[in-house]
Amino acid sequence: MKRHLVPTLAAAAALALLTACGGSGSSDQPADGAQTIKVALWNYATTPEFKAIIDGFQQANPTIKVEPVDILADDYAEKVTTMLAGGDTTDVLTMKNVIDYSRFGTRGQLLPLTDEAKKLDPAKYSGLSAYDLEGKYFALPYRQDFWVLYYNKALLKQAGVEESKLQNLTWDGYATLAKSLTKGDGGTKVYGAYQHTWRSVVEATAAAQTGGDLLSGDYGFFKDQYSMTLDLQKNGTLMPWATASSQKVTYNTMFSTGKAVLMPMGTWYASTLLADTKSGKTKVEWGMAPLPQRASDGKVTTFGSPTAFAVNKNSKHSDAAKKFVEWASSEAGAMAVAKAGVTPALTSQQILDTYFALPGVPNGEVAKQAFKPDKVVLEMPVSDKSSDVDQILTEEHELIMTGEKSLDDGLAEMSKRVKSEVR
Amino acid sequence: MATTLSAAGTGRRRSSTWIGWSFILPNFLGFAALTLVPVIAALALSFLDWDSYSTPRWVGLDNFERMIHNDTFWTALKNTAYYAIGHVPLTLCAALGFAVLLNQKLRGARFFRTALFFPYITSLVAVAVVWNMLLSPDLGPVNQFLRAIGIDSPPGWTTSTTWAMPAVIVASVWRDLGYYMILYLAGLQTIPAELYEAAEVDGANGWQRFWSITVPSLRPTTFFVLIMLTISSFKVFDLIQVMTEGGPGRSTLVLSQVIYREGIVQGRFGYSSAVSMVLFAIVLTITLIQFQLQRRSER
């Protein structure tokens, strides 16, 4: 109750005081014309592209110094909300997801970047349209993640399965393959596949590949994807959702220690694998394939979400901040991001070549195809209803996956709740 | 002569009042700035629509109306009551039981007192992780034990809508009982030994001594423990947030979580404040009833 409201309000008040004091005292414009801009970001030490972008930008703009404001990833959205409520002047804000972005944008907390966005070619920036808020843009994407199928090369070879078999996989094929790859029992069991506990693994996949609308309140299109997942869970191919959830199993442990052979996951995971391989934390031989599809017609539809930088409306160095945001989404910025092992928002052959030239990146035909999906659907449509719908879908997903509700009852309950509770 | 004396007395009394006030002033200032003002602000906010940034908009009773028609609010209210009804009596009985047991001159009593207090000072996140492991449906030691003694399909604990709340209650009783046990131990020290000796001479057995001497003598302590427990159960947040996050589904969702989600996560501070006002009213009412009952039983 008030216990939790109190710290926030107090924090907001304290922040307001602090920033008020700090604003007047700091030396904004030293004699030599050098400026310092602050960038709000998360987990600086373990998110390599931030350093890559900052270093690259500083090299290109020697008069501007960039200072990272490091925030814990799990608390990022709440922390930025509180900062902005307190009138914080941190110049650049990273938009971790588009739902938070639309909230900040519609509240008028961000500086419009419509002119800058119009300069970008929408054909090359697949995530750009997600930032369109009734014709206005308040952020430019620098990174675009989408889902692929990771696989353990050694385990696949052991089972005598050709890697090329993964190139044009359907979900039925995935289920059969995963079942045949499951081996062992108890502590030494190797699961044919691991699907993380997030609802998106099932729901966003279904929405992207059937064309269903996650905000519609009619969820019949989830059915096939759920049936397949529940079947695999029942016959022991997947770790039970309840176990994964109550043990707080991490997908990285499951895959990098060879406890699962196949794993649908976002492209961000590749940068973790690259870093862990480099530091010797894992020795797993991994590959990437396109996300399995409903039909085997060769067309690849997957889902994903972009990440962007925006300029705080209260920024005192808005020109320098805009420069930073523009640079991050430019060709040079995209190269820096790709070199850090992360997928940039801008796609071009040159950037793909840079990415696949990195040591440790699997660069066979299968991986290259995984990186050229025909269509990337936004993980969750942006609307003022998104977070309420997300909450309901998450709660009902838990009930379906733990078997507390039958699939039909669960889907019916989702529809009922979204229609009656979300306004 | 008499008048000068009394004048001096008033003067002294007045100055001691001021000294008294000055002693509580630092605490009161902190309370006012960090608790009183925000509480009043929350009351005002509950009639507003505010996202922490735009200008607040007066909406009258809209927030409360929305709350009454919101299924999630009622689910959370029921769950909060369920938690309190389980947590308060169980913790009270366990704390009293252990206090009486460890108040005797047993070998190792000191060790066990410390051991029982340990959960209270342990990091909550670690506690939640360990409990989740213990209660894991397939691999957890609890269910392995249950299977070993012949229960074929033991409960799924935190992954089952039926058993998640009992699991959370058990974990919270385990965590809190050490603290309340210390309070009871302090209460037990104040009971004069003569009472027990007299009862023994009169031929009362252990059970009779417990019910006729220990329990009535501990009434002030029990009253305090009851109030503190009730308030803390209605405000429960941290343990549930780290153990189940309100799940599976909404089976362990409590009011504090609704307040957190609506306010901090969704930025609907008006609605969130309205819910917190309801919670405040509930806790206040229950506390007042308890005070009333206590006063009546003292008479």
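Here are some notes on how the pieces of this predicted model pack together, from the chain contact down to two helix pairs.

1. Start with where the two chains meet. Chain B puts 45 residues into the contact, and chain A puts in 31 residues. On the chain B side, the elements giving two or more residues are α1 (2-45), α3 (71-102), α5 (124-134), α12 (255-265) and α13 (269-298). If you want one element to look at, pick α12(B): with seven residues, α12(B) gives the most to the side of chain B that touches chain A.

2. What is the chemical make-up of that chain B face? By class, the side of chain B that touches chain A has 19 nonpolar, 21 polar and five charged residues.

3. Now for chain A by itself. Chain A splits into domain 1 (2-14 + 33-144 + 305-361) and domain 2 (146-302 + 380-421), so keep those broken ranges in mind when you colour the chain. The C-alpha centres of the two domains of chain A sit 28 Å apart.

4. Each domain of chain A brings 13 residues to the contact between them. On the domain 1 side, helix α4 (residues 98-106) of chain A gives the most, with three residues. The side of domain 1 of chain A that touches domain 2 of chain A counts eight nonpolar and five polar residues, and no charged ones.

5. Still in chain A, have a look at helix α8 (residues 200-210) and helix α9 (residues 223-234). Their axes come within 8 Å and cross at roughly 145°, and the crossing is right-handed. V202(A), T205(A) and A206(A) of α8(A) make the contact with Q225(A), Y226(A) and T229(A) of α9(A). That contact has three nonpolar and three polar residues, with no charged ones.

6. Over in chain B, the pair to check is helix α7 (residues 164-189) and helix α10 (residues 219-234). They pack at an angle of about 165°, with axes 10 Å apart. Angles over 145 degrees count as roughly antiparallel, and α7(B) and α10(B) are therefore roughly antiparallel to each other. The crossing of α7(B) past α10(B) is right-handed.

7. Which residues bring α7(B) and α10(B) together? From α7(B) come Y180(B), L183(B), Y184(B) and G187(B), and they meet T221(B), F224(B), V225(B) and L229(B) in α10(B). Sorted by class, the residues of this α7(B) and α10(B) contact are six nonpolar, two polar and no charged.

Technical notes:
Residues numbered from 1 in each chain as written. Chains lettered and ligands numbered in written order. Predicted model: local features only at pLDDT ≥ 70, side-chain atom pairs only at ≥ 80, totals over all residues. Axes fitted to C-alpha atoms, helices over the stretch in contact; angles between N-to-C directions. Helix = DSSP H or I, 4+ residues; strand = E, 2+ residues; numbered from the N terminus. Parallel < 35°, antiparallel > 145°, perpendicular 65-115°, else oblique. Left-handed = near helix turned anticlockwise from the far one by under 90°. Contact = placed C-beta atoms within 7 Å. Nonpolar A, V, L, I, M, F, W, Y, C, P; charged D, E, K, R; others polar. Domains from an automatic or database assignment.
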